[in-house]
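Reader: Could you walk me through this model before I set anything up with it? I'd like the ground rules first.

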Amino acid sequence: MEATIAAIATALGEGGIGIVRISGEESLPIANKIFRGSALKERMLTYGHVYDNFTGETIDEVMAVYMKGPRSYTAEDVVEIQCHGSVVSLRKILALVLKNGARLAEPGEFTKRAFLNGRMDLTQAEAVIDLIRAKSDKTFDVALSQLEGKFSQTVKDIRADFVDLLVQITVNIDYPDEDIEEMTYDKLFEGLGAVREKLQALLATSDTGRIIKEGLNVAIIGKPNVGKSSLMNALLRETRAIVTEIAGTTRDTIEEVISIRNIPVRLTDTAGIRQTDDIIEKIGIEKSKESFNKADLVIFMVDGSRSLDEEDEEILQYMDGRQAIVVLNKQDLTQVVSREEIAARVPQAVIIDASMKEGMGIETIEDKIEELVYGGQVKQNDSIMVTNVRHKNLLELALQSVEDASAMTEMRQPLEFIEIDVNRSYELLGEIIGETASGEIINEVFARFCLGK
Amino acid sequence: MEHILMGEYDVIVVGAGHAGCEAALASARMGKKTLLCTMNLESVAMMPCNPSIGGTGKGHLVREIDALGGEMGKNIDKTFIQSKMLNTAKGPAVHSLRAQADKHKYHVEMKKTIEHTENLDLRQVEVTDLIVEDGKVCGVETVTHTWFKADAVILATGTFLRGKIFIGDSAFESGPNGLAPSNLLAENLRKHGMKLRRFKTGTPARCLAQSLDYSKMQEQKGDDVVVPFSFMNDKLGENQVSCWLTYTNAETHRVIRENFHRSALFGGQIEGIGPRYCPSIEDKVNRFADKERHQTFIEPEGLDTDEMYIQGMSSSLPEDVQLAFYKTIPGLENLRITRPAYAIEYDCIDPQDLQLNLEYRTIENLFCAGQFNGSSGYEEAAAQGLMAGINAVLKITGREPLVLGRDEAYIGVLIDDLVTKGTNEPYRIMTSRAEYRLVLRQDNADQRLTDKGYEVGLATQERYDRYLAKKDAVAREVERLENKFVGPKEADEFLIAHGTTGLNSKVSMAELLRRPQLNYTDLAEIDDETRPELSSHEITQLEVQIKYEGYIQKQMNQIERYKKLENRKLMQDFDYNQIEGLRLEAAQKLNQIQPASVGQASRISGVSPADINVLLVYLEKQRRKAE
């Protein structure tokens, strides 16, 4: 039995409708849990609503179709849910499908299944391999870039807690005669409670959830008159903030919720953070720092035609470890700031050459924003893998396993049964950061305990 | 030089330790004319280290060996002097049987069994070379230049190959326990292109019981009811001895620390890699410096000897230091050592050079088993010996190999780990190495394996009948319990007395058995005359099946998924470089290991899930081209 998989099957764009595709034995049962309307019949497009079967909230008005295998794209049972094309709606439906037991499709997985189930002809096989390769390499890049982030560090820390628990369990099971501390149910329950809280906290702050609800927080920062307002206007595609040649005109932070490539983005143009005695400007600067601190992405604008000064340096200090784009503006003038100079200071940043005056570099900035949200995934017709959704999905599954383990611990079930669920959580967290479990626990057992015949 | 042909066999086994004995018995019992060679007949089934069989994971292996028709379980049942089921406070999947053996009797009984087995010749002879023709082994040469011919040869040389013993700063060529090493064979195996490496292991000192003061130690008794290892035995005799627990202390550690420099282990003389789970006492004191004491069990070596084994205290320190530190341990103050502790280094192969049937990849019909493959432990050796014996016979009779899956047996986990993942230290089985631990229990080893043993012609008719009878009795009783209902009137008083809650409506007896507070024997109180007499084996099986049904079913589903990839067979002697899209590292690893299935390929380190997908697509392409 193959796992049931799901993904957003349409390209994310300005399309009127979007499709969430589910494939596998569980696709119809899952669809039935979240679809309200006439009963789904084979090969019949049916009108109804998707509602959250956990909260009862209605998510979207949809059309759904059930295709029984082998008469479907993958030759497995497939359900496709057509909803409004907005990212929010698509992602909510996908998240719901995953919560109901489907697994997020791997890169190229629908196509792979279609091929392996005999649905495509031989000439397409090469393309399938390319697809697997290209996508998995891409995933790998993303994994690497996110390894540096706070998120993966947190996951690593929680995973280390699991290692502690598993090592204790393992040594208790495999070395019953040794002079070691017993893993009692109380101790295990306490340990599981601690990791459960950490997982819940992490999930609560999960970017995906927040971005779906509130949009991506982007702060534009830079010293006065460097072109921040021009960039904001360009992204807004209308003149909104006051743009003048006099430094310090943006006295307040300006916040706009806009749609960039169909992603809700909460854009904040800040007043800059230079030292000032002007009271009004001072308030603006405080607000700048605040919006800077809560931003998911910081766009730091630098005047490429002038050497970095004290004020730029001060901002650079704030950039440490943040998701950032550094825009080297004023490319229409002679450049004195080099990309290398910036890269040395903010190694995690994407550096973009731009000229607000000539409208250069705006699209690249939009690309980067999109990439951040969708985890750098290539858009493909058969599946769109959203790294953030994937993370959330894995975290939720890990939490579920910990809860199962806790419940079993409370019921005083045998240790080796509980271990299965604890180990499952540990493996799921490993999947997020791309680390495989192989041998780690056993190695730790010998490293930490003095065992011998 | 002229070679005198001294005999022709179907299968020749080199080495009569735990691997060699199982290999030879399996081959002979499967009807093949078999020769078992050993350098010294007094060392047949010798236990040169600890005087026990079984333990966590290892006990499972013994049960599996028995279920397939091997000898180890029966032999320990004949010769045990104390028995204990470990982990009984935990669940049924990790209950593990361990028995103290009378070492000498263990050897005598095994030798007797071999001597009385049809088709089997046991012979004291030193094998010094393989006869290989066209990449195929066809016999062995001995130290007297005589030849024995055979269709298959099984190497089970244990720690004898270029064996070297270390005690303090002295090092000398030796096999284990004062026996001669085998040097010529090691040299010649290299000539045949076999890659050998050095591993190391060690054993503690033996001492006289009369020199010990048991009043300063804690007595460790066996179980009240002795559970047999073999599925062929329903009941066994009683425990006859105790073991004794005592601890090292600050003084012990001081003596050891002051003499670190005199240990062969720290002196750099030993090049071999030792197992982490079996460190010497100086290693323990060094690595776990903050640990105030280390425990040691003092275990009898047999009934006819006064010698005792000092568990957990192996060492390669000089004899004077050994005596000094042992004497600091409570109860050991007047210790008289009979045999010093030593470390031993030996040649073995890289098991990644084997196929899953334990056949050497580059020499056809040459099979390898035991410590020679980089494992450690009597049970691990016996398990491989058995499989090598079975597979050698299957190979020369043109039948499919018997390869046990990771979902079928600890033996499968052991061999797959060795062959697929390799090992950097002597490999020991652990229950945590098995992904499907809930299914691979010691109570159901017969249900998992006896039909396979029977099918290849090893398990006897009697064993097969017992297996079927048990299977049938359990199934019938499970069905009866599922269909027999009781209500509050009959059951409530009983339930409350057993610390659980009363009923609202009628429930099945099976449902009641799922309650943690109740067991099958208790339920007799509210059962009726249709209740059958079940053996203890059957009751265990039944309880596990009913009580943990949900979890076991979950694991069975995982196994279904696992099997899908295991059943996708891969081509052999294949050049993976020709598959486009595979990463170079993956292609290299696949070329080296030549996995038998996609499942095995997925466990090789360096082969990613994306590589497996590329492989699957390639296979499908080939299949369609073939159509």
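Author: Sure, one term to begin with: a residue is buried if 20 or more other C-beta atoms lie within 10 Å of its own, exposed if 12 or fewer, and partly exposed in between, with C-beta atoms placed from the backbone. This is a predicted model, where local features need pLDDT of at least 70, side-chain atom pairs count only at pLDDT 80 or more, and totals for chains, interfaces and linings use all residues. Residues are numbered from 1 along each chain as its sequence is written, while chains are lettered from A and ligands numbered from 1 in the order in which they are written.

Reader: OK, what's in chain A, and how many of its residues are buried?

Author: Chain A has 15 helices and 13 strands (DSSP runs numbered from the N terminus: H or I of at least four residues for helices, E of at least two for strands). Of its 453 residues, 47% count as buried.

Reader: Is strand S11 of chain A buried or exposed?

Author: Mostly covered: seven of the seven residues in S11(A), which spans residues 297-303, are buried. Leu297(A), Ile299(A), Met301(A) and Asp303(A) are buried on one side, and Val298(A), Phe300(A) and Val302(A) on the other.

Reader: Why two sets like that?

Author: Because in a regular strand the side chains alternate between the two faces of the sheet.

Reader: Which strands does S11(A) pair with?

Author: Strand S8 of chain A (residues 216-222) pairs with S11(A) in the parallel sense over five bridges, and strand S12 of chain A (residues 324-329) does so in the parallel sense over six bridges. Pairing here takes at least two DSSP bridges between two strands. On the S8 side, Val218(A) has Leu297(A) as its bridge partner; on the S12 side, Ile299(A) stands opposite Ile325(A). From S11(A) the chain crosses through helix H10 of chain A (residues 310-318) to S12(A), a right-handed β-α-β crossover. Right-handed means that, with the strands pointing away from the viewer, the path from the first strand over the helix to the second runs clockwise.

Reader: Switching topic: what's the confidence like in chain A?

Author: The average pLDDT, the predictor's confidence in each residue from 0 to 100, is 77 for chain A, and 73% of the residues score at least 70. Among the elements of chain A, helix H1 (residues 27-34) has the highest mean, 95, and helix H7 (residues 207-214) the lowest, 49.

Reader: And where does pLDDT stay under 50?

Author: Residues 135-148 of chain A are one such stretch, with 19 contacts beyond four places in sequence in the model. Residues 376-387 of chain A are another, with 37 such contacts. A contact is two residues whose C-beta atoms, placed from the backbone, lie within 7 Å. Where pLDDT is low, the predicted coordinates should not be read in detail.

Reader: How many residues of chain B are in contact with chain A?

Author: 40 residues of chain B are in contact with 30 residues of chain A. On the chain B side, helices H18 (549-566) and H21 (609-626) are the elements that give two or more residues, and H21(B) gives the most, with eight.

Reader: Last one: where is Lys149(B), and what is it in contact with?

Author: Lys149(B) is in strand S9 of chain B (residues 146-155). Beyond its neighbours within four places in sequence, Lys149(B) is in contact with Leu5(B), Glu8(B), Cys138(B) and Gly139(B). Lys149(B) has 17 other C-beta atoms within 10 Å, so Lys149(B) counts as partly exposed.
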